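Reader: I have a chain to go through before setting up calculations. Please take my questions one at a time and keep the answers brief.

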Amino acid sequence: AFFTSTSVSMYWGKNTITYKAVGDFTFKGVKKPVDLYFTYSGVKYSTNATTKKVERFTGFMGYFTFKGKTDYGVTSTSIADFITVKVNARFQIK
């Protein structure tokens, strides 16, 4: 499975600033357009338990939904047609 963004823009969600990445989701050899909505977490600080140094992190949390059975040919009876993929990415700032 791959997601390739073609554009990113601000999107006003419910009481928060959200971003929308428009792109193509490829799954089982089928490529379809999807919108990935995400929020930016800002910069966070935490102390490394081993080194006792303060480290900086940033990241984002988001999701997108696709029709697995209808659009991508998923045949499992264990899932519904609408599948939500949640993304949580955290990056250390050096």
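Reader: Which side chain of opposite charge is nearest to E55, and how far away is it?

Author: This is a predicted model, where local features need pLDDT of at least 70, side-chain atom pairs count only at pLDDT 80 or more, and totals for chains, interfaces and linings use all residues. Residues are numbered from 1 along each chain as its sequence is written, and side-chain values use heavy atoms, with hydrogens and water left out. E55 is buried (under 20% relative accessible area; exposed is over 50%, partly exposed in between; 1.4 Å probe, protein chains only). E55 has no salt bridge (a side-chain nitrogen of Lys or Arg within 4 Å of a carboxyl oxygen of Asp or Glu), and, with Lys and Arg counted as positive, Asp and Glu as negative, and His and the chain ends not counted, the nearest side chain of opposite charge is K94, 5.8 Å away.

Reader: Which side chain makes a polar contact with that of E55?

Author: E55 sits in strand β5, residues 54-67 (strands are DSSP runs of E, at least two residues, numbered from the N terminus). A polar contact is a pair of N or O atoms within 3.5 Å; within protein, one must be able to donate a hydrogen and the other to accept it, and residues adjacent in sequence count only if both atoms are side-chain atoms. Here the pair is 3.1 Å apart, and the partner of E55 is N48.

Reader: Which residues does E55 touch, leaving out those up to four places away in sequence?

Author: Contact means heavy atoms within 4.5 Å. N48, the polar partner, is in the set. The full list for E55 is K44, Y45, S46, N48 and Q92.

Reader: Is Y45 buried or exposed?

Author: Y45 belongs to strand β4. Beyond four places in sequence, Y45 contacts V54, E55 and R56. Its relative accessible area is 56%, so Y45 is exposed.

Reader: How much accessible area does the nonpolar patch with Y45 have?

Author: Patch residues have over 30% relative accessible area and no salt bridge; like charges are joined within 9 Å, nonpolar side chains (Val, Leu, Ile, Met, Phe, Trp, Tyr) within 5 Å. The patch on the surface consists of Y40, V43, Y45 and V54. V43 lies in the loop between β3 (30-40) and β4 (44-47). By the Shrake-Rupley method with a 1.4 Å probe, the four together have about 440 Å².

Reader: What is phi of K28, and why remark on it?

Author: Most residues other than glycine have a negative phi. K28 lies in the loop between β2 (16-27) and β3. At 53% relative accessibility, K28 is exposed. Its phi is positive, near 55°.

Reader: What is phi of K52?

Author: K52 is in the loop between β4 and β5. With 61% relative accessibility, K52 counts as exposed. K52 is not a glycine, yet its phi is positive, about 65°.

Reader: How far apart are the C-alpha atoms of K86 and G62?

Author: K86 is in strand β6, residues 82-93. K86 is exposed, at 73% relative accessibility. Setting aside neighbours within four places in sequence, K86 contacts G62 and Y63. K86 and G62 are 24 residues apart along the chain, but their C-alpha separation is 5.8 Å.

Reader: Which residues does K32 touch, not counting those up to four places away in sequence?

Author: K32 is found in strand β3. At 31% relative accessibility, K32 is partly exposed. The residues touched by K32 are G23, D24, F25, D71 and Y72.

Definitions and conventions: Helix = DSSP H or I, 4+ residues; strand = E, 2+ residues; numbered from the N terminus.
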